[in-house]
Protein chains: 4
Amino acid sequence: MAENGAKPIRLGMVGGGTGAFIGQVHRIASRIDGDFELVAGALSSRPEVARESGKNLGLAEDRIYTSYEEMAKSEAARPDGIQAVSIVTPNHMHFGPTKAFLEAGIHVICDKPITSSLDDARKLTDIKPANGAKFLLTHNYTGYPLIRQARELVASGALGNIRVVQAEYAQDWLTEAADADNKQAAWRTDPSRSGAGGCIGDIGTHAYNLLRFVTGLKTEAVSADLTAFVPGRQLDDNVHIMLRFEGGAKGMLWASQVAVGKENGLQLRVYGDKGGLEWSQENPNYMWFTEFGKPRQLLTRGGSISVPPAASMNVRIPAGHPEGYLEAFATLYSQFAAVIRGEGAEFESLLPTMADGIEGMQFITASVNSSQNDSKWTRFADV
Amino acid sequence: MAENGAKPIRLGMVGGGTGAFIGQVHRIASRIDGDFELVAGALSSRPEVARESGKNLGLAEDRIYTSYEEMAKSEAARPDGIQAVSIVTPNHMHFGPTKAFLEAGIHVICDKPITSSLDDARKLTDIKPANGAKFLLTHNYTGYPLIRQARELVASGALGNIRVVQAEYAQDWLTEAADADNKQAAWRTDPSRSGAGGCIGDIGTHAYNLLRFVTGLKTEAVSADLTAFVPGRQLDDNVHIMLRFEGGAKGMLWASQVAVGKENGLQLRVYGDKGGLEWSQENPNYMWFTEFGKPRQLLTRGGSISVPPAASMNVRIPAGHPEGYLEAFATLYSQFAAVIRGEGAEFESLLPTMADGIEGMQFITASVNSSQNDSKWTRFADV
Amino acid sequence: MAENGAKPIRLGMVGGGTGAFIGQVHRIASRIDGDFELVAGALSSRPEVARESGKNLGLAEDRIYTSYEEMAKSEAARPDGIQAVSIVTPNHMHFGPTKAFLEAGIHVICDKPITSSLDDARKLTDIKPANGAKFLLTHNYTGYPLIRQARELVASGALGNIRVVQAEYAQDWLTEAADADNKQAAWRTDPSRSGAGGCIGDIGTHAYNLLRFVTGLKTEAVSADLTAFVPGRQLDDNVHIMLRFEGGAKGMLWASQVAVGKENGLQLRVYGDKGGLEWSQENPNYMWFTEFGKPRQLLTRGGSISVPPAASMNVRIPAGHPEGYLEAFATLYSQFAAVIRGEGAEFESLLPTMADGIEGMQFITASVNSSQNDSKWTRFADV
Amino acid sequence: MAENGAKPIRLGMVGGGTGAFIGQVHRIASRIDGDFELVAGALSSRPEVARESGKNLGLAEDRIYTSYEEMAKSEAARPDGIQAVSIVTPNHMHFGPTKAFLEAGIHVICDKPITSSLDDARKLTDIKPANGAKFLLTHNYTGYPLIRQARELVASGALGNIRVVQAEYAQDWLTEAADADNKQAAWRTDPSRSGAGGCIGDIGTHAYNLLRFVTGLKTEAVSADLTAFVPGRQLDDNVHIMLRFEGGAKGMLWASQVAVGKENGLQLRVYGDKGGLEWSQENPNYMWFTEFGKPRQLLTRGGSISVPPAASMNVRIPAGHPEGYLEAFATLYSQFAAVIRGEGAEFESLLPTMADGIEGMQFITASVNSSQNDSKWTRFADV
């Protein structure tokens, strides 16, 4: 139950059956602020997994589906049908459900990257959502309160003109060839399910989206060097990219899934001619902010700051009481709920959109192309 | 909805109306794992606040109460009545509801400290819960995964015989006299609502409980020096305590609400003759563990470790994806739900009990007595 | 050679033969800024060690002594005799040389604690130094630039009235009984050479001196609980102390040599009614400074600060280029050199004196007495 | 005086007059271990500055020169002439003195980068040193004990095959256009004195040398994007480089002097298929080392380690007593002293050589060329 008197939004889920990782994350995120209630699901295409998973989640028998098309049709027809759906399947299975539900007038919450190819992504714009159905892409790291604060700091001019951006996202869980039975690893390293990008699509897009969200800089071109280090791996597991932005700012982006010792090392550093800031996802309640010539300040989520707090941040508990990944994820859900209810106008410009998803696919495609062209600078405009 | 097929437990709440802090924390904690559904409340003794708050939380009109006695009676009589209740009132209002609900056969989840006096606490043992109603004290910091890990490390002998314990809990929010309209500050600094301890009751008990939970050491005596630094303040806002444990271990405990720069600095450090560990609540996904003569290791929640993971920890998302305060709190809720359902035998020895609450009051009372006696060593056995 | 045109001061050393630790530290410290030149030594009472050690240090044969008395007499008689001497023997061998050299008109640089007993320390005041010979006690941690800065911050009122001081000095190298051939451990754990305090004298005095140096608070009384954890150890290896200062401030001090995982963990935290600061010796180029209600600032040695830099700090290289233990030690040497040359008036109030040494012995004695009296509050005035 | 009985080596200095930064660093470094004694200098080409500076350093009148050629000639002719010389002039003034002193049979210690152009650097190999005179390039960061340890860890195979190297060196002191009277900034941003590289030569070469020293990887090619952000600046102040190494490893290197909040942020991270390590110069006594699938370990300078200590590291004081920049610099001096005395065979492969200097110039030249060619991959073999 939400805390503001609103009735929970009826939610469905596509994917996320037993054994999946991101499905559970979406469910917890949907519950934290009480804005959603899960009532239907096509949790797996395998009937027995779908049924078992649905039962565990307390779904009524007749709302456990094995096909998203059927689910879209049936739910749209029910008076108590779902109002929104979460799509948490592998990348190549994002496009179909997105189209089906939007056209059925059901709001869509879709995991990233938005599709497995830029072509598919562009076709999304042809979809005609019924009844004003809306779309949310879960670039969840943008939900962290201090990332919202960072965005407002940049926008306020506190950093001056941005010159340099350093983004990185390093993990080590794919350091060795994955066992065949590691579901998470299997589809992520398989071009037929992930698309042309491996590490770059799985986590590189998060780092890219984060730098775009915070800085607002528009990307001109990338020069990339993608590598598959693990013998036999078909997709990149390490990504080196240089970036050029409109107006002259420059950046570097490193993404890796073979950096031993890194768990989920997403980090963003931004430097302008007046100030700098640094934030790291693994300890997300803190952010360094420096005005040139003054001591570094450690801003805290919900804590004392020398600058106005971000209007858009969702701080549930006081400074010093750490919030984490799930709360940031939940902020996207609850602010999307507000948008659905027509009460979230101030959030609309903040929530990741279809356009962000398409740009993410441009980022992947331009980088893959550049890497295949001896790191030639490749313009987004040219892919 | 829980993730294991169980129906949510019907929950009520006493206290926690609009403007309260800890009530919302309990509600979020109850939702995260889907094990509870809030359906009734005596959220305030002021009728209009109770009604407004209840409506915002989606409670049915007839389940919004202004008296906990009435609520206990009515709910116990309903076929769909609450199965458990969360008590989130100020300290002096813990005893009454606890007694009323337990005797009505309704499970009780009570905020800490358990009462506002040791006498009240001891009277709790006279209560005869109906229908096997159970009691949970929300010493929420014990729900952090790495605190569970720490407890198992100590129990496994990995630290050898414990010699020294350093516990501290430092904040700065009461550095200045609080405004009259700061509800949170008002009751915490008022002896009639807080009891004989100020800072020691509010946060000292957390630090004390944490060291007891992790080390299992039994306290023999304390020597305390409590101070009220802010002019006009009636209760301590800074606490210095030396501890002696059975078997010869020694400890120090510092609690403060006037330590400028500290937000919620709960920290525990334990040293034995073979190893040491250090953990800090503000960055709770990391814990230092050192075996004597070897390099320090940084253990991570859910990450690689050189020792078996704690069986009792609730890790929802992988290492590197930070969980925080709310998730730790939720772990108490969900493991108590398992106990209520008869499926949580392995958690019973871990969840904070009435006995822990009574010991907390002994800690406060012995410390206050010692401080009033020029820091004379005061035995728990003598209070 | 000093960098300011002054001729190096001719230096002798008592103790510090091959295998000693602190002797080499003093020698490096004496060289860093070029203010001293080592020309004589009574490096050991064992002739062959004295000779071998002296030769290795390039001393002339006739200036290698085996008795400090002889050295004081001979050197005082030479036209090119030493102008200053460093005393780096175990504690019980500080008094004799100090008296001999001061009375011979030779400046004394003495390691801490000043003596092995309070009685000896008090007798120091009876010494009549010839020719204005001066005395320096090497409480070397006061030489760190940020400690000087901390002292000036407190003195400037930036922290307001000091309320709480937390000092600690934790190591782990005496976690187990030391081998007989560990010279460093042997004398430190032997009452006949160390005096009545073990850990409290060896490192507790450093923590105590540091808090006094920074805060300027005057100690009223201590309540102490000293423990020897290692079986068979005759002197304390863990120290818990509560402090009361004139004017109402309170403190805690923890010193330990059995805290597994701690290398040289000297830490000072000071909180006033307007601000707080925190500094840790193991990363000494950084200090946290918080003004109440504002974000924490990380001050750096020689870096940007929002407050005037300390006039007395010796910053050799720019911020970001770490200076360490040896440089802080060298600052005492070079500022004492300035005092010797009559050019260091501004340093005289900063350099640790005989009075500081006597107070250190009061601290040890009052703490040992308190601990033997069931932690009874013991006034410095009463020891 | 050295601590091993050897007589100090007679040292001269070219450059380093009053107001210079790096000259004083070299002098302190030469004194710390007592292996050198400064006796002559051509400290400035301006006679009055040379004289004043020489007097302050205690040089005899007849050994204060204003021309390095004259100094080389005169000193070589004296029976007590200098045995070694430190060259601490701006880059374009390295070649001349190096040639003059080596050909005079005097050992040379030269600041980096080795020259201001690759052509000059290559001409160095034509020099015929007299009397076996040796050359040391002060890539001082290689003197840090943990960097030596890192090198041995990689060489031992503890990290497996190296895959990814991330090097960075970020400062902020050139964020704004420097005042005309800032000597340090003036020559570094002037192509006629610095050469074709600004930031890349001043600090990029340090980062590059460090990664080469630790990993031993051989560079194949670079793709670079150099920028001068500050209006009017003629040389780069921000450097983005991707690297490819022989054998397939990849790297990124970021150097910046406009990264607000960074003081001297030199950082190296190395990842292999078995392990990873991370080290940061601003807190140089610590290094992260992770074996895949195990917890991160925090190695400390001189502390407990799970791997053999590096034979070549110079640890003066125990773990927990921080050593810094000056000590690392001093290690190059003292190990070069050992080489000069014929006692340092084990150090010869570690001390930075003329070849390292030439490779540094290749790095600058290849990067500048690549940047001018739209970041085209540029082979070292082709410059």
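Two residues are taken to be in contact if their C-beta atoms, placed from the backbone, lie within 7 Å. By this criterion, in what is a predicted model, 33 residues of chain A are in contact with 33 residues of chain D. The side of chain A that touches chain D draws at least two residues from each of several strands, namely β6 (162-170), β7 (219-227), β8 (238-245), β9 (250-256), β10 (265-272), β11 (275-280) and β12 (286-291), and the largest share of that side, four residues, comes from β9(A).

Chain A also meets chain B, where 35 residues of chain A are in contact with 35 residues of chain B. Here the elements of chain A that each supply at least two residues are α1 (22-32), α2 (47-56) and α10 (325-340), and of these α1(A) gives the most to the side that touches chain B, with five residues.

The make-up of the two sides of chain A is set out below.

| Side of chain A | Nonpolar | Polar | Charged |
|---|---|---|---|
| touching chain B | twelve residues | 14 residues | nine residues |
| touching chain D | twelve residues | 13 residues | eight residues |

As for the relation between chains A and B, a rotation of 180° with 0.0 Å of shift along its axis superposes chain A on chain B, with an RMSD of 0.0 Å. The two copies are thus related as by a two-fold rotation axis. In addition, 100% of the interface residues of chain A are also interface residues in chain B, so the copies meet through the same surface.

Methods
Residues numbered from 1 in each chain as written. Chains lettered and ligands numbered in written order. Predicted model: local features only at pLDDT ≥ 70, side-chain atom pairs only at ≥ 80, totals over all residues. Nonpolar A, V, L, I, M, F, W, Y, C, P; charged D, E, K, R; others polar. Least-squares fit on C-alpha atoms with pLDDT ≥ 70 in both.
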